[in-house]
Amino acid sequence: MTNDQIQRVTMPKWGLSMESGKVTEWLVSEGDELEKGQDVADIDTDKIAGTLESTWSGVVRALVVETMVDVPVGGTIAVVAPADVPQAEIDAVVAAAKEQLASGAIEDVSGPKVAEVHVGGRSISYAVLGDTESEATPVVFVHGYGGDKNSWLFVQEPISADRATYALDLPGHGASSKDVGDGSVATLASSLVGFVNELGLPRVHLVGHSTGGAVATVAAADPATLGKVASLTLISPAGYGPDVNAGYIRGFAEAETRRELKPHLQQLFADQSLVNRQLIDDLLKYKRLDGVDAALALIAAALLVGERSAVDVTAEQASFAGKTVAVWGAEDKIVPASNAGSLEGKATVHIVDGAGHMAHAEKPQAVIAAIKEAIGAA
C-alpha cells in the first residue's frame, strides 16, 4: 500500500484537447521545500507554453522525467513527500511511475469535464473542474469574441484547486448553439445569467475576457443575479472605453483561409510566435461550422460603431457592489490599455508588461493573482 503522504505531481490537462506535454525547464530541484502557489516547471503543449503552479506542499523527493520528453496527461512527473518518508518508498513510487510512462497505460482522470445546459432555447456547453461539493464560491469564466472554454487552459486548473470552476461557451462559440439573436452583449449576458441560474449556483465570482468582460459586467448588474455575483475579474474588457481595433474584429469574422486569419491572430499576442499552425487550424475549423459566420457577423456589428466601440458597460460596473479587479496587457492591440482610465477609482487595475490582448495565455500567473485578489476581497 502506498504511503498517503506521498504526492504525485502529474502532467496537467490544460484544455480539453491536450493529450501530452513536455517539461521544458524544472523550476525546482530535488530536496527543495515546495509550497502551494510556487512555480514548479515550465511546460510546453501543442497549443502554447505555460508554467505549472504547485498545489502540493512538502519536499521535492524526485523529479521523474527529463526535460523535453513527451509525457501523457496524468503521467507522474515528480514526487513530493515529507522528509521523513523512507527513501525506499519514494524509489518504489518513482519506479512504478516510470514503468507506467514506458507502457503508456495512463488513465487520465484529470482535467475539465464537459456538460451542457439549455438556456433560453439554446444549448450552452461548459467545462467544469474542481470540487463541486466545495463550500467555496465557484468561479465562472467567460471568454471573448471568437474564443471558447479552452481559452482558460492555464488559469482554470490552478483556480480550481479549492473550489469548483466553470468555463462556458457563449452562444455562437465553441460547442454551444450558434443562435446569437441580435448578437448584442445584452443577449450574450442573458445566456450567462441563465447559465448561473440553471446550474443553481447561489453565488459566483465572474471572470471575463474582452467581450466576455462586458458580458460578465452586464450579467453582474442583472436583477436576476442580484446578490449572486461576488466579484468581477476583467481581462482587457470591452465596454470600458471607445478604443478598439475594429479591423481585427471585422477581419477575424471575414477571414476564410490560413493566410487571411494569421495576421489578425498575431495582433492578439505580444509574442507573435505563439500563433502556431495548431492555433490557426483550430480556429479555422471552428469558423467553418454551420452558423458561425452569421453569428460572428452579428456580434461584430453589435460591438462596433464605425471604428469605435459601440459598447459601454461603465454604468453597470458602477452599480455593481462587489470587488472589481482588471488586468490589461501593456501591449494590447485589440482593446488597448488606454481604456483603463474609465475604471479609475472604481476598480484595481493591473497593467502587465510583456502581454498583449491574451494576458491569461501569455502571463497567466498575473491573471491568476488578479482572480485571487478579487476572490479574497469578496
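**Close-up views of a predicted model**

**View 1. Serine 236 sits in a loop.** Here we look at the loop that runs between strand E14 (229–235) and helix H5 (246–254), which is where you'll find serine 236. Keep in mind that this is a predicted model. Is serine 236 buried or exposed? Its relative accessibility is 0%, and anything under 20% counts as buried, so serine 236 is buried. The backbone has a twist worth checking too: phi of serine 236 is near 45°, a positive value in a residue that isn't glycine.

**View 2. Serine 210 is another loop residue with a positive phi.** For serine 210 the angle is about 55°, although this residue is not a glycine. Look for serine 210 in the loop that links strand E13 (204–209) to helix H4 (211–220). With a relative accessible area of 8%, serine 210 is buried.

**View 3. Serine 177 makes a link to serine 123.** This close-up shows the loop between strand E12 (165–168) and helix H3 (185–198), the home of serine 177. What lies 2.8 Å from a polar atom of the serine 177 side chain? It's the backbone nitrogen of serine 123. Setting aside residues up to four places away in sequence, serine 177 touches Arg122, Ser123, Pro171 and Gly172. So Ser123 turns up both in that list of touching residues and in the 2.8 Å pairing, while Pro171 will come back in the next view.

**View 4. Leucine 188 is tucked into helix H3.** Leucine 188 belongs to helix H3, and at 1% relative accessibility it counts as buried. Which residues does leucine 188 contact, once its neighbours within four places in sequence are left aside? They are Leu170, Pro171, Thr211 and Val215. For a sense of distance, pick out alanine 161: leucine 188 and alanine 161 are 27 residues apart in sequence, and their C-alpha atoms are 28 Å apart in space.

**View 5. Alanine 370 is a buried residue of helix H11.** This helix covers residues 364–377, and alanine 370 is part of it. The relative accessible area of alanine 370 is 1%, so this residue is buried. Leaving out residues up to four places away in sequence, alanine 370 touches Thr233, Val325 and Val327. Now find leucine 232: although alanine 370 and leucine 232 are 138 residues apart along the chain, their C-alpha atoms are separated by 10.0 Å.

**View 6. Stepping back, the chain combines helices and strands.** How many of each are there? The chain has eleven helices and 18 strands. Its radius of gyration is 21 Å, close to the 21 Å that the globule rule gives for 378 residues, so the chain is as compact as a globular protein of that length. Along the principal axes, the C-alpha atoms fill a box of roughly 70 × 45 × 40 Å. Buried residues account for 52% of the 378 residues. Take the contacts between residues at least 6 apart in sequence: 70% of them join residues at least 24 apart.

**View 7. The chain's surface and charges round off the set.** The accessible surface comes to about 15600 Å², with 49% of it belonging to carbon and sulfur atoms. As for charged side chains, the chain has 28 positive and 50 negative ones. The centres of these two sets lie 5 Å apart.

Technical notes
Residues numbered from 1 in each chain as written. Predicted model: local features only at pLDDT ≥ 70, side-chain atom pairs only at ≥ 80, totals over all residues. Heavy atoms only, no water. Helix = DSSP H or I, 4+ residues; strand = E, 2+ residues; numbered from the N terminus. Buried < 20%, exposed > 50% of the residue type's maximum accessible area, 1.4 Å probe, protein only. Contact = heavy atoms within 4.5 Å. Polar contact = N/O pair within 3.5 Å; in protein donor to acceptor, adjacent residues only side chain to side chain. Rg over C-alpha atoms; globule rule 2.2 N^0.38 Å. Areas by Shrake-Rupley, 256 points an atom, 1.4 Å probe, with all protein chains shown as cover. Lys, Arg positive; Asp, Glu negative; His and termini not counted. Charge placed at Lys NZ, Arg CZ, Asp CG, Glu CD.
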